[in-house]
Amino acid sequence: MKTLKPKSDGQAELMEAIDTHNLALALGPAGTGKTYLAVAKAVEALEAGKVGRIVLSRPAVEAGESIGYLPGDMEDKLAPYLRPLYDALSDRLSMKRVKALMAEGLIEIAPVGYMRGRTLNNAFIVVDEAQNCTYVQLKMLLTRLGWHSTMVVTGDPQQSDLLPSLSGLSDIAERLEAVSGIAVVRLAEQDIVRHPLVASMIGVL
């Protein structure tokens, strides 16, 4: 497995925060590596035996589209929304290994709605695209954290597909910033590691 190295100061701060906190929130624009680093750290922890499983979750909120009109059963409908998590996993592990771990229940990928009522012990949990969660949903997700677990919540408050008043990420982050033992890392344009044009566009759009 490739050695995980930060590509910016913000990424270095996020990696350290994940290593030293049971709960870390990573906020920042697209292209800063929030999801990739969170998933890579989850794989690292699983492979090192630090946790017993990985749970990856993101809300099934669409950018102006409706899943109701997509063909197939619910699993088929949700697949496009969970695809970025599969992509991040497959960059750290072979797809054969990913499928084997999923078959064993050691990697689970599920929409936010499936998290209610659960307590996640001995797990590395990644909540992606959290800007598309309401305050109530995020509170529910955060309280799933069990013993010997790590949770990383990622999102960009500027990219929510919800009405501005509905997204709970900014409010949650501000409240938790004052709580001891929780890290809130704010990535910026200088942390963008995609094509240079991405940073240029975010600066003007």
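Strand β1 (residues 23-27) and strand β5 (residues 150-155) run parallel, with five bridges joining them. Bear in mind as you look that this is a predicted model. To find the register between these two strands, start at L25: its bridge partner in β5 is V153.

β1 also pairs with strand β6 (residues 182-186), again in parallel and again through five bridges. Here a handy marker is L27, whose bridge partner in β6 is R186.

Now for the side chains of β1. In a regular strand, side chains alternate between the two faces of the sheet. In β1, L23, L25 and L27 point one way, while A24 and A26 point the other way. So is this strand buried or exposed? Five of its five residues are buried, that is, under 20% relative accessible area, so β1 is largely enclosed by the rest of the structure. That goes for the leucines pointing one way and the alanines pointing the other.

Next, have a look at the second largest pocket. Rolling a probe the size of a water molecule over the atoms shows where empty space is left. In this pocket that space comes to about 340 Å³. There are 16 lining residues, and the ones closest to the centre of the pocket are G28, P29, D156, Q158 and I202.

Which helix gives the most to this lining? That would be α7 (residues 196-204), which supplies three residues. As for the chemistry of the lining, nine residues are nonpolar, four are polar and three are charged.

Notes. Residues numbered from 1 in each chain as written. Predicted model: local features only at pLDDT ≥ 70, side-chain atom pairs only at ≥ 80, totals over all residues. Heavy atoms only, no water. 1 Å grid on protein atoms, 1.4 Å probe; cavity = no way out; pocket = protein on both sides within 12 Å on 5 of 7 lines; lining within 4 Å. Points joined across faces, edges and corners; volume = space filled by probe spheres on them. Helix = DSSP H or I, 4+ residues; strand = E, 2+ residues; numbered from the N terminus. Nonpolar A, V, L, I, M, F, W, Y, C, P; charged D, E, K, R; others polar. Buried < 20%, exposed > 50% of the residue type's maximum accessible area, 1.4 Å probe, protein only. Pairing = 2+ DSSP bridges.
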